[in-house]
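Subject: A structure for you to look at

Hi there,

Here is the structure I promised to pass on. Have a look around it first, and then read on for what turned up.

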Amino acid sequence: GRGGVNHIARLDKGVIGTAGSLGVDTEVAIGAGLSAKYLENDRIVYLYNGDGTHSRGNVHEAMNMAAIWKLPVLFICDDNQYAISANHATTISVPNPAADRAAGYGMPAKIVQGDDPLGIYEAAKELTDYIRAGNGPAVLEIKCYRWRGHFEGDQCAYRDKSVTEEAYKRDCVAALEKYVLENGVLSADDIELMRREIALELDQAVEFAENSPEPDPDHIFDGLYA
(Lines give C-alpha, C1' and ligand atoms only; values in the text may rest on other atoms or scores of the structure.)
Protein backbone atom coordinates (compact mmCIF):
# COMPACT_ATOMS: atom_id res chain seq x y z
CA GLY A 1 0.00 0.00 0.00
CA ARG A 2 2.94 2.38 -0.13
CA GLY A 3 3.12 3.18 -3.81
CA GLY A 4 -0.31 2.62 -5.31
CA VAL A 5 -1.35 0.11 -7.95
CA ASN A 6 1.92 0.36 -9.88
CA HIS A 7 3.99 -1.23 -7.12
CA ILE A 8 2.09 -4.41 -6.36
CA ALA A 9 4.01 -7.63 -5.65
CA ARG A 10 2.94 -11.00 -4.24
CA LEU A 11 5.96 -13.26 -4.26
CA ASP A 12 4.13 -16.30 -2.87
CA LYS A 13 1.82 -16.13 -5.91
CA GLY A 14 4.65 -15.59 -8.38
CA VAL A 15 3.93 -11.87 -8.84
CA ILE A 16 7.40 -10.36 -8.75
CA GLY A 17 6.27 -6.74 -8.92
CA THR A 18 6.00 -3.78 -11.24
CA ALA A 19 7.37 -0.25 -11.15
CA GLY A 20 5.76 3.16 -11.45
CA SER A 21 8.11 4.16 -14.25
CA LEU A 22 6.57 1.81 -16.78
CA GLY A 23 8.90 -0.64 -18.48
CA VAL A 24 11.82 -0.45 -16.08
CA ASP A 25 10.80 -3.79 -14.59
CA THR A 26 11.32 -5.55 -17.92
CA GLU A 27 14.88 -6.49 -17.00
CA VAL A 28 13.59 -7.99 -13.73
CA ALA A 29 11.32 -10.26 -15.76
CA ILE A 30 14.27 -11.32 -17.89
CA GLY A 31 16.17 -12.13 -14.70
CA ALA A 32 13.25 -14.27 -13.57
CA GLY A 33 13.31 -16.03 -16.93
CA LEU A 34 17.02 -16.71 -16.58
CA SER A 35 16.40 -18.08 -13.08
CA ALA A 36 13.65 -20.40 -14.37
CA LYS A 37 15.91 -21.71 -17.13
CA TYR A 38 18.84 -22.24 -14.75
CA LEU A 39 16.71 -24.01 -12.13
CA GLU A 40 14.84 -26.03 -14.78
CA ASN A 41 11.61 -25.57 -12.80
CA ASP A 42 9.38 -25.42 -15.91
CA ARG A 43 8.20 -21.92 -15.02
CA ILE A 44 7.31 -19.23 -17.55
CA VAL A 45 7.45 -15.46 -17.07
CA TYR A 46 4.48 -13.43 -18.32
CA LEU A 47 5.62 -9.83 -18.83
CA TYR A 48 2.95 -7.16 -19.39
CA ASN A 49 3.70 -3.84 -21.06
CA GLY A 50 1.66 -1.26 -22.94
CA ASP A 51 2.05 -0.11 -26.52
CA GLY A 52 3.90 3.05 -25.45
CA THR A 53 6.24 1.12 -23.17
CA HIS A 54 7.25 -1.10 -26.08
CA SER A 55 9.15 1.85 -27.53
CA ARG A 56 11.47 2.13 -24.54
CA GLY A 57 15.05 1.13 -25.21
CA ASN A 58 15.43 -1.19 -22.26
CA VAL A 59 12.43 -3.23 -23.45
CA HIS A 60 14.20 -3.95 -26.73
CA GLU A 61 17.44 -4.76 -24.97
CA ALA A 62 15.52 -7.24 -22.80
CA MET A 63 13.76 -8.78 -25.81
CA ASN A 64 17.09 -9.22 -27.56
CA MET A 65 18.68 -10.88 -24.54
CA ALA A 66 15.68 -13.16 -24.01
CA ALA A 67 15.88 -14.25 -27.64
CA ILE A 68 19.63 -14.90 -27.60
CA TRP A 69 19.44 -16.96 -24.41
CA LYS A 70 16.09 -18.60 -25.33
CA LEU A 71 14.52 -17.59 -22.04
CA PRO A 72 10.98 -18.73 -21.12
CA VAL A 73 9.33 -15.31 -21.37
CA LEU A 74 6.03 -14.32 -23.00
CA PHE A 75 6.01 -10.60 -23.82
CA ILE A 76 2.37 -9.48 -23.59
CA CYS A 77 1.50 -6.09 -25.06
CA ASP A 78 -1.68 -4.44 -23.82
CA ASP A 79 -2.20 -2.27 -26.91
CA ASN A 80 -4.75 0.25 -25.67
CA GLN A 81 -3.62 2.71 -28.38
CA TYR A 82 -2.48 5.50 -26.09
CA ALA A 83 0.77 6.08 -24.20
CA ILE A 84 -0.61 8.60 -21.70
CA SER A 85 -1.97 10.97 -24.39
CA ALA A 86 -0.12 10.04 -27.58
CA ASN A 87 -1.84 7.71 -30.04
CA HIS A 88 0.63 5.14 -31.30
CA ALA A 89 -0.62 5.72 -34.86
CA THR A 90 1.35 8.98 -34.82
CA THR A 91 4.27 7.92 -32.63
CA ILE A 92 5.15 4.36 -33.71
CA SER A 93 6.16 3.43 -37.24
CA VAL A 94 4.32 0.09 -37.34
CA PRO A 95 0.61 -0.61 -36.66
CA ASN A 96 1.33 -3.37 -34.15
CA PRO A 97 3.85 -2.03 -31.61
CA ALA A 98 4.89 -5.43 -30.25
CA ALA A 99 3.95 -8.06 -32.84
CA ASP A 100 5.48 -6.23 -35.83
CA ARG A 101 8.78 -5.87 -33.99
CA ALA A 102 8.96 -9.47 -32.80
CA ALA A 103 10.44 -10.68 -36.08
CA GLY A 104 13.52 -8.54 -35.40
CA TYR A 105 14.29 -10.81 -32.48
CA GLY A 106 13.27 -14.05 -34.14
CA MET A 107 10.19 -14.41 -31.97
CA PRO A 108 6.80 -15.72 -33.07
CA ALA A 109 3.90 -13.35 -32.41
CA LYS A 110 0.13 -13.46 -32.25
CA ILE A 111 -2.42 -10.62 -32.33
CA VAL A 112 -5.80 -11.02 -30.65
CA GLN A 113 -8.75 -8.78 -29.85
CA GLY A 114 -9.13 -7.76 -26.22
CA ASP A 115 -12.88 -8.29 -26.18
CA ASP A 116 -12.44 -11.99 -26.97
CA PRO A 117 -11.35 -13.70 -23.72
CA LEU A 118 -11.41 -17.19 -25.21
CA GLY A 119 -9.35 -16.03 -28.19
CA ILE A 120 -6.80 -14.57 -25.80
CA TYR A 121 -6.73 -17.82 -23.84
CA GLU A 122 -6.15 -19.93 -26.95
CA ALA A 123 -3.38 -17.66 -28.25
CA ALA A 124 -1.69 -17.50 -24.85
CA LYS A 125 -1.87 -21.28 -24.49
CA GLU A 126 -0.36 -21.86 -27.92
CA LEU A 127 2.53 -19.51 -27.22
CA THR A 128 2.96 -20.91 -23.70
CA ASP A 129 3.27 -24.43 -25.10
CA TYR A 130 5.81 -23.14 -27.64
CA ILE A 131 7.90 -21.52 -24.89
CA ARG A 132 7.60 -24.46 -22.50
CA ALA A 133 8.98 -26.73 -25.24
CA GLY A 134 12.27 -24.84 -24.97
CA ASN A 135 11.94 -22.67 -28.08
CA GLY A 136 12.58 -19.36 -26.35
CA PRO A 137 10.42 -16.24 -25.96
CA ALA A 138 7.33 -15.11 -27.88
CA VAL A 139 5.04 -12.08 -28.19
CA LEU A 140 1.29 -11.75 -27.66
CA GLU A 141 -0.32 -8.44 -28.62
CA ILE A 142 -3.83 -7.76 -27.32
CA LYS A 143 -5.80 -5.05 -29.13
CA CYS A 144 -8.04 -3.04 -26.85
CA TYR A 145 -9.00 0.53 -25.97
CA ARG A 146 -8.43 2.48 -22.79
CA TRP A 147 -11.93 3.48 -21.70
CA ARG A 148 -10.82 6.05 -19.14
CA GLY A 149 -7.99 8.54 -18.88
CA HIS A 150 -4.43 7.74 -17.97
CA PHE A 151 -5.11 9.03 -14.46
CA GLU A 152 -8.22 10.14 -12.57
CA GLY A 153 -7.87 13.81 -13.53
CA ASP A 154 -7.30 13.06 -17.23
CA GLN A 155 -10.18 14.58 -19.24
CA CYS A 156 -9.03 12.84 -22.47
CA ALA A 157 -9.13 16.04 -24.54
CA TYR A 158 -6.70 14.39 -26.96
CA ARG A 159 -9.16 11.81 -28.33
CA ASP A 160 -12.56 11.58 -30.00
CA LYS A 161 -15.36 10.90 -27.49
CA SER A 162 -17.45 9.13 -30.12
CA VAL A 163 -14.69 6.55 -30.59
CA THR A 164 -14.61 5.98 -26.85
CA GLU A 165 -18.38 5.53 -26.76
CA GLU A 166 -18.11 2.85 -29.44
CA ALA A 167 -15.36 1.13 -27.45
CA TYR A 168 -17.70 0.85 -24.46
CA LYS A 169 -19.79 -1.56 -26.53
CA ARG A 170 -16.86 -3.98 -26.88
CA ASP A 171 -16.90 -5.28 -23.32
CA CYS A 172 -14.89 -8.47 -22.80
CA VAL A 173 -16.78 -9.39 -19.62
CA ALA A 174 -20.16 -8.96 -21.33
CA ALA A 175 -18.95 -11.01 -24.28
CA LEU A 176 -17.81 -13.85 -22.03
CA GLU A 177 -21.05 -13.73 -20.04
CA LYS A 178 -23.03 -14.04 -23.26
CA TYR A 179 -20.92 -17.02 -24.34
CA VAL A 180 -21.21 -18.98 -21.08
CA LEU A 181 -24.99 -18.42 -20.97
CA GLU A 182 -25.56 -19.46 -24.57
CA ASN A 183 -23.37 -22.56 -24.19
CA GLY A 184 -24.77 -23.70 -20.85
CA VAL A 185 -21.52 -23.24 -18.95
CA LEU A 186 -23.25 -21.11 -16.32
CA SER A 187 -26.83 -20.09 -15.61
CA ALA A 188 -28.11 -16.59 -14.89
CA ASP A 189 -28.45 -17.62 -11.23
CA ASP A 190 -24.81 -18.79 -11.18
CA ILE A 191 -23.65 -15.43 -12.52
CA GLU A 192 -25.77 -13.48 -10.05
CA LEU A 193 -24.30 -15.52 -7.19
CA MET A 194 -20.78 -14.78 -8.45
CA ARG A 195 -21.61 -11.07 -8.61
CA ARG A 196 -22.81 -11.08 -5.01
CA GLU A 197 -19.77 -13.01 -3.78
CA ILE A 198 -17.39 -10.63 -5.58
CA ALA A 199 -19.25 -7.57 -4.25
CA LEU A 200 -19.03 -8.95 -0.72
CA GLU A 201 -15.31 -9.65 -1.06
CA LEU A 202 -14.69 -6.11 -2.35
CA ASP A 203 -16.76 -4.55 0.44
CA GLN A 204 -14.82 -6.53 3.04
CA ALA A 205 -11.51 -5.45 1.47
CA VAL A 206 -12.52 -1.77 1.56
CA GLU A 207 -13.70 -2.10 5.16
CA PHE A 208 -10.41 -3.75 6.14
CA ALA A 209 -8.42 -0.96 4.49
CA GLU A 210 -10.46 1.84 6.02
CA ASN A 211 -10.21 0.32 9.51
CA SER A 212 -6.50 -0.38 9.28
CA PRO A 213 -4.12 1.92 11.22
CA GLU A 214 -2.02 4.52 9.46
CA PRO A 215 1.49 3.24 8.64
CA ASP A 216 4.24 3.96 11.14
CA PRO A 217 6.73 6.50 9.73
CA ASP A 218 9.54 4.43 11.26
CA HIS A 219 8.92 1.81 8.56
CA ILE A 220 9.43 4.19 5.64
CA PHE A 221 12.81 2.69 4.80
CA ASP A 222 11.78 -0.96 5.11
CA GLY A 223 12.54 -2.96 1.99
CA LEU A 224 15.27 -0.62 0.74
CA TYR A 225 18.83 -1.69 0.14
CA ALA A 226 20.31 1.55 1.45
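Let's start with a term: two rings of Phe, Tyr or Trp count as a pair if their centres lie within 6.5 Å. Please keep in mind that this is a predicted model.

**The aromatic rings**

How many aromatic pairs does a search of the whole structure find? The search gives 3. In one of them, Tyr-82 meets Tyr-145 edge-to-face, with 6.2 Å from centre to centre and 90 degrees between the planes. Tyr-82 belongs to strand β3, while Tyr-145 is in the loop between β6 (138-143) and α5 (161-168), so this pair ties together parts that are 63 residues apart in sequence.

Tyr-82 also pairs with Tyr-158, this time in a tilted arrangement: the centres are 5.6 Å apart and the planes are at 50 degrees. Tyr-158 is likewise in the loop between β6 and α5, and Tyr-82 in strand β3, so the pair ties together parts that are 76 residues apart in sequence. Ring pairs thus link Tyr-82, Tyr-145 and Tyr-158 into a cluster.

Are these tyrosines buried or exposed? Tyr-82 and Tyr-145 are both buried. For Tyr-82 the relative accessibility is 10%, and the cut-off for buried is under 20%. Tyr-158 has a relative accessible area of 27%, so it is partly exposed.

One more neighbour to look for is Arg-159, whose charged end sits over the ring of Tyr-82, 5.6 Å from the ring's centre.

**The largest pocket**

Next, the open space. The largest pocket holds about 1,400 Å³. It is lined by 42 residues, and Thr-18, Asp-25, Leu-47, Tyr-48 and Asn-49 are the closest to its centre. At least two lining residues come from each of α1 (26-39), β1 (45-50), β2 (73-79) and β3 (82-83). Sorted by class, the lining has 23 nonpolar, 13 polar and 6 charged residues.

**The nonpolar core**

In soluble globular proteins, nonpolar side chains tend to be buried together. Which residues have the most contacts inside the largest nonpolar core here? They are Ile-30, Met-63, Val-73, Phe-75, Met-107 and Val-139, in a core of 17 residues. The elements α1, β1, α2 (57-69) and β2 each supply at least two residues of this core, and α2 gives the most, with 5.

Happy exploring, and write back with any questions!

Best wishes

Key. Residues numbered from 1 in each chain as written. Predicted model: local features only at pLDDT ≥ 70, side-chain atom pairs only at ≥ 80, totals over all residues. Heavy atoms only, no water. 1 Å grid on protein atoms, 1.4 Å probe; cavity = no way out; pocket = protein on both sides within 12 Å on 5 of 7 lines; lining within 4 Å. Points joined across faces, edges and corners; volume = space filled by probe spheres on them. Helix = DSSP H or I, 4+ residues; strand = E, 2+ residues; numbered from the N terminus. Nonpolar A, V, L, I, M, F, W, Y, C, P; charged D, E, K, R; others polar. Phe/Tyr/Trp six-rings, centres within 6.5 Å; stacked < 30°, edge-to-face > 60°. Buried < 20%, exposed > 50% of the residue type's maximum accessible area, 1.4 Å probe, protein only. Lys NZ or Arg CZ within 6 Å of the ring centre and 35° of its normal. Core = buried A, V, L, I, M, F, W, Y, C linked by side-chain atoms within 4.5 Å.
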